[in-house]
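Dear colleague,

I am passing on to you the structure we spoke about, with its sequence, and below it you will find my notes on what turned up. Please read them with the coordinates open beside you.

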Amino acid sequence: MQQYALSEDDAFVLTLEQEFAQAFEEVVTSGTTASEASKFMQGYLRKQLNYRCISWKDSHFKAHDIAHILNLLSRKKITVKSAENALIKALEEKTSLEKAIHSAGLLGITSSKELEEAVDTVMNEHAKAVADFKAGNEKSLHFLAGHVMK
C-alpha cells in the first residue's frame with residue numbers, strides 16, 4: 001500500500017478483506033486516484049456493507065462498479081450523497097449501481113438544454129403557480145424551483 005501513499009490506518013482498513021483490497025487496486029488502475037478510491041471505499045462503501053453485515057465478497061459489487069461511480073463523482077455527474085444513495089438502493093434491491101443510479105434519477109442535469117426542458121415542463125404543469133409568481137407571490141417561485149430541482 002506504500003505505492004498508493006496511504007496512511008497505515010487506511011491500508012489496514014482496505015486490507016482487512018483480501019477481495020476488498022484487490023477491488024481497491026482494480027479501481028485505482030482504472031484511473032481513479034488512490035486517495036479518492038480509499039476515501040469512498042473505506043468510508044461510504046464500507047459503511048453500507050458493515051451496516052448490512054455484508055463482506056465485499058458476498059456483495060454483488062465489482063470493482064468496475066465502484067470505478068464507474070467514482071468516475072461519475074469526479075466528473076460531477078452525481079453528488080456524494082447520490083453515490084451513497086445508489087449504494088443503499090443497489091444493496092437493498094440487489095441490483096447494479098448503474099441501474100440504481102438511473103432508476104432513482106440520481107444523475108444530475110448536465111446541460112443547459114436539460115435545465116431548460118425541466119423548467120418548461122414545470123411551468124407547463126404548474127401554470128397557476130407561474131401566474132401567482134407573476135402576480136407578485138414570491139413563495140410560488142420557491143415552489144417552482146423545488147419542482148425543477150426534483
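Helices here are DSSP runs of at least four residues, numbered from the N terminus, and that numbering is how I refer to them throughout. Just after H4, Lys76 takes a positive phi of about 60°. Please keep in mind that this is a predicted model.

H4 is a good place to begin. This helix has 12 residues and spans 16 Å from its first C-alpha to its last, close to the 16 Å expected at 1.5 Å a residue. Its buried residues are Ala63, Asp65, Ile66, Ala67, Ile69, Leu70, Leu72 and Leu73, and what covers them includes H2, H3, H5 and H6.

The largest nonpolar core has 32 residues, and those with the most contacts inside it are Phe24, Phe40, Met41, Leu45, Ile66 and Ile69. Two or more residues of this core come from each of helix H2 (18–29), helix H3 (34–51), helix H4 (63–74), helix H5 (80–93) and helix H6 (97–103), and H4 gives the most, with seven residues. In soluble globular proteins, nonpolar side chains tend to be buried together. Leu45 shows how the core is joined up, since, not counting residues up to four places away in sequence, Leu45 touches Phe20, Phe40, Trp56, Phe61, Ile66 and Leu87. Apart from this core lies another, of six residues, including Ala118, Ala129, Val130 and Val148.

The packing of H3 against H5 can be set out in some detail. Two packed helices are described by the angle between their axes and the distance between the axes. For H3 and H5, the axes come within 10 Å and cross at roughly 35°, and the crossing is right-handed. On the H3 side the residues involved are Phe40, Tyr44, Leu45, Lys47, Gln48 and Leu49, and they meet Val80, Ala83, Glu84, Leu87, Ile88 and Leu91 in H5. Sorted by class, this contact has nine nonpolar, one polar and two charged residues.

Ser38 also lies in helix H3. Is Ser38 buried or exposed? Ser38 counts as buried because its relative accessibility is 2%, where the cut-off for buried is under 20%. Leaving aside neighbours within four places in sequence, Ser38 is in contact with Leu6, Asp10, Leu14, Phe24 and Gly43.

Two loop residues deserve a look at their backbone. Cys53, placed in the loop between H3 and H4, has a phi near 55°, a positive value in a residue other than glycine, and Cys53 is exposed, with a relative accessible area of 74%. Lys94, found in the loop between H5 and H6, has a phi near 50°, again a positive value in a residue other than glycine; at 68% relative accessibility, Lys94 counts as exposed.

Finally, Glu125 lies in helix H7, which covers residues 112–125, and Glu125 is exposed, with a relative accessible area of 57%. From C-alpha to C-alpha, Glu125 and Leu144 are 9.9 Å apart in space, while 19 residues separate them in sequence.

With best wishes

Note on methods: Residues are numbered from 1 along each chain as its sequence is written. This is a predicted model: local features need pLDDT of at least 70, side-chain atom pairs count only at pLDDT 80 or more; totals for chains, interfaces and linings use all residues. Side-chain values use heavy atoms; hydrogens and water are left out. A nonpolar core is a set of buried Ala, Val, Leu, Ile, Met, Phe, Trp, Tyr and Cys residues joined through side-chain atoms within 4.5 Å. Buried means under 20% relative accessible area, exposed over 50%, partly exposed in between (1.4 Å probe, protein chains only). Contact means heavy atoms within 4.5 Å. The expected span of a helix is 1.5 Å times one less than its number of residues. Axes are lines fitted to C-alpha atoms, for helices over the stretch in contact, and angles run from 0 to 180 degrees between N-to-C directions. A crossing is left-handed if the near helix is turned anticlockwise from the far one by less than a right angle, and right-handed if clockwise. Ala, Val, Leu, Ile, Met, Phe, Trp, Tyr, Cys and Pro count as nonpolar, Asp, Glu, Lys and Arg as charged, and the others, Gly among them, as polar.
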